[in-house]
Amino acid sequence: NMMASVETAAEHERILREIESTDTNCIGPTLRSVYDGQEHGLFMEKLDARIRNHDREIEKMCNHHFQGFVDSITELLKVRGEAQKLKSQVIDTNRRLQDDGKDLTSSMEELQQCRVQQRNIATTIDKLTHCLPVLEMYSRLQEQMRAKRYYPALRTLEQLEQTCLPRAGQYRFCSIMAENIPKLRIQIRDTAMTQLRDFLESIRKHSDKIGETAIKQAQLQRSLDSSVSTQPRVLMGRRGRKEAAAAMAAALGAGTDSGGQGGSPLSEQDSGILDVEDEEEDDDVRKLHPSIHPSIRFDLYFNYYRKQRRKQARLVLQPHSNMHETLEGYRRYFNQIVGFFVVEDHVLHTTQGLVNRAYVEELWELALSKIIAALRTHSSYCDNPDLVLDLKNLIVLFADTLQGYGFPVSQLFDMLLEMREQYGEILLKRWNITFRQVLDQDNYSPIPVSTEQEFKHYTSQFPLQDPELEKLPFPKKLPFSEFVPKVYCQLKEFIYACLKYSEDLHLSSTEVDDMIRKSTNLLLTRTLSHCLQYAIKKKNVGLAELVQVIINTTHLEQSCHFLEEFISNITNVPPDTANATKLYGTSTFKDARHAAEAEIYTSLNAKIDQFLQLADYDWMAAVQGGGTLDTSDYLIDLIAFLKSTFSVFTNLPGKVAQTACMSACKHISTSLMQLLLDPEVRQISMGALHQIHTDVKECESFARAGPVAGFQGDTLLLAFSDLRQVGLCLPRGPLSFCGYVSVPLNPKDSHLLSELRRKSK
């Protein structure tokens, strides 16, 4: 029972806690468990005890908070009084607000009316905004029609029909305009085509004048640029377009003054089809594409214009058959071409769609090929270097002018480099004539100078470096003849001529230097060399002249390094630059000197032969008793000639004079031997041998006297050694050439000795 009562008490306690903590709506199951149990009365007692406990706690709490409650009631009563005052104030405020609101309501009604008016005004402005462009565009159209500016009139008409009228709405004036548009379009189309034809004819007539003015302006601009700065010229750009318009206006204005009714293509009658809108006009007009409306058919104008201009281009690019005869012919040709493309460039930048960049570039490529072909053909007929140089300058100006308008001209400069070869050949022909004239007119004598002024005159023309000569008193003689300073000056003139052609070709200093050096080498090795050979080989050239040629070429050879410095100074390229072309002047003058030396030897032997032809030996002469024989007359004259000749050789290089002297002695010895062995001489008497012996002794005496300095010992006597050996070995000793040094007989001359012995028996 004890355990049961404990469990019951615990169960009742749990139920009480559930009743205290559970929502009233969910208390049913808990109460049911109480009634279902056996201890109902006991539970009720515990419930009553719990209720009393809670009542006591409530009473304690109320007693604790009672004073606060009383204070709150008191405050509430005070608040009621204040609420009554507030209500009165609110009522009073509402009354006053109602009175004041009547004015506000009246103002709001007025504001509403103003808003309605504002909306109506905005609607009106919007309608006018759409209508005014129509009226302005129509007014502009009428103005363009009166001004005969038909091309922009077509575009204005297109914008009026396609853009402005649809936006304006359905108004009577819009309907009238729409009805007139087709009529205006037909009128504009027909008139514009007529004006386009007139314009094409006008620019065809005035292209040469336009080109002439454009070239003059380009030349003036180049002069200004070169005077202000040495920087490369740039394309004219926008300024060039303005200058183009100025050039056209100037040229065409002149054409109008002189041509009367011929008129300018930019005149009021001719320019309508080309005009574009001003800068202030809407971009929509600028960007209007010709294909917006097919009824306008701008492509008819464009195709017609391009077709006619192609025909005109073919006529312009066809040169006259005699164009190459004068520079003026080339100038007219270039003026027409420049005028043609200045017009095309102007049309390209001042119209929309009439021409495009691709069309102009294609036309220029076609023209460029024809221009180059024509220039190559006609320039090949030219043989005047001055005309070729003027033509080159004209082509450079022509190229610079068109380059200023954006046309590529590199092929023209390539062609000018090709023409340089032709120019060089023409120069060589001219200088060939000049050199021959200088050589023909030269007196081949040293230049006499009697004053310091004359000496400075020649040394300013030729770089003479001779301190000993400078110390000599006046009068004195320069070692060379007139042709040395003249040839040197002509070489410099040729270099200047080559430099003139190289100007304005946009070449580097190194390229110009190389070009000049190569051309100068051709002048030296081909032209001057041939002229010197001609002067040396021509008939009637004396030994004195040949000696002077050797002296002259020696001085010219020594001046070659001055030519090197001269070229370096005018091209600003040091002579020791890597891969720099060297002048061949040294070898040219050296070859000429060697040729002159050989010619001296040949001429000297020929002169000796002339004297030997006078030899008249009596091969059967008897031996004269007593006394000595006289030297043959021809040999006396020959030796006198040789002495006189060798005295002139004092200014020659030592080896040249020695070689000439040795050659002459050997030739005399050989010739005398040939006289002895002549097949026509059947017999030789002792008297004849005595005469030969006397003549040989005279030759030996001449050789021993040393006519030319520089021989060692009896070297020159060896020239007569063969002839002397023959005399030693002849029969009958008294005939031998006694008193001379004996040398061994050359075995190869044994047959000569046998023949001579046979004849003397």
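Q: How many aromatic pairs does the structure hold?
A: This predicted model holds 18 aromatic pairs.

Q: Why is the pair of tryptophan 431 and phenylalanine 494 called edge-to-face?
A: The ring planes stand at 80°, with the centres 5.5 Å apart. Planes over 60 degrees apart count as edge-to-face, so the pair earns that name.

Q: What makes this pair a tie between parts of the chain?
A: Tryptophan 431 belongs to helix H12 and phenylalanine 494 to helix H15, so the pair links parts that are 63 residues apart in sequence.

Q: How do you know whether tryptophan 431 is buried or exposed?
A: Buried means under 20% relative accessible area. Tryptophan 431 has 8% and therefore counts as buried. Phenylalanine 494, with 1%, is buried by that cut-off too.

Q: Why is H9 described as roughly parallel to H11?
A: The axes of helix H9 (residues 327–350) and helix H11 (residues 385–404) cross at roughly 5° and come within 11 Å. Angles under 35 degrees count as roughly parallel, which means the label fits H9 and H11. By class, their contact has 12 nonpolar, 1 polar and 2 charged residues.

Q: And why is H17 called oblique to H18?
A: Here the axes cross at roughly 40° and come within 4 Å. Roughly parallel needs an angle under 35 degrees, and roughly perpendicular takes 65 to 115, so H17 is oblique to H18. Leu556, Glu557 and Gln558 of H17 meet Cys560, His561 and Phe562 of H18.

Q: What makes arginine 197 a charge over the ring of tyrosine 304?
A: The charged end of arginine 197 sits over that ring, 5.5 Å from its centre, and the distance cut-off is within 6 Å.

Key. Residues numbered from 1 in each chain as written. Predicted model: local features only at pLDDT ≥ 70, side-chain atom pairs only at ≥ 80, totals over all residues. Heavy atoms only, no water. Axes fitted to C-alpha atoms, helices over the stretch in contact; angles between N-to-C directions. Helix = DSSP H or I, 4+ residues; strand = E, 2+ residues; numbered from the N terminus. Parallel < 35°, antiparallel > 145°, perpendicular 65-115°, else oblique. Nonpolar A, V, L, I, M, F, W, Y, C, P; charged D, E, K, R; others polar. Contact = heavy atoms within 4.5 Å. Phe/Tyr/Trp six-rings, centres within 6.5 Å; stacked < 30°, edge-to-face > 60°. Buried < 20%, exposed > 50% of the residue type's maximum accessible area, 1.4 Å probe, protein only. Lys NZ or Arg CZ within 6 Å of the ring centre and 35° of its normal.
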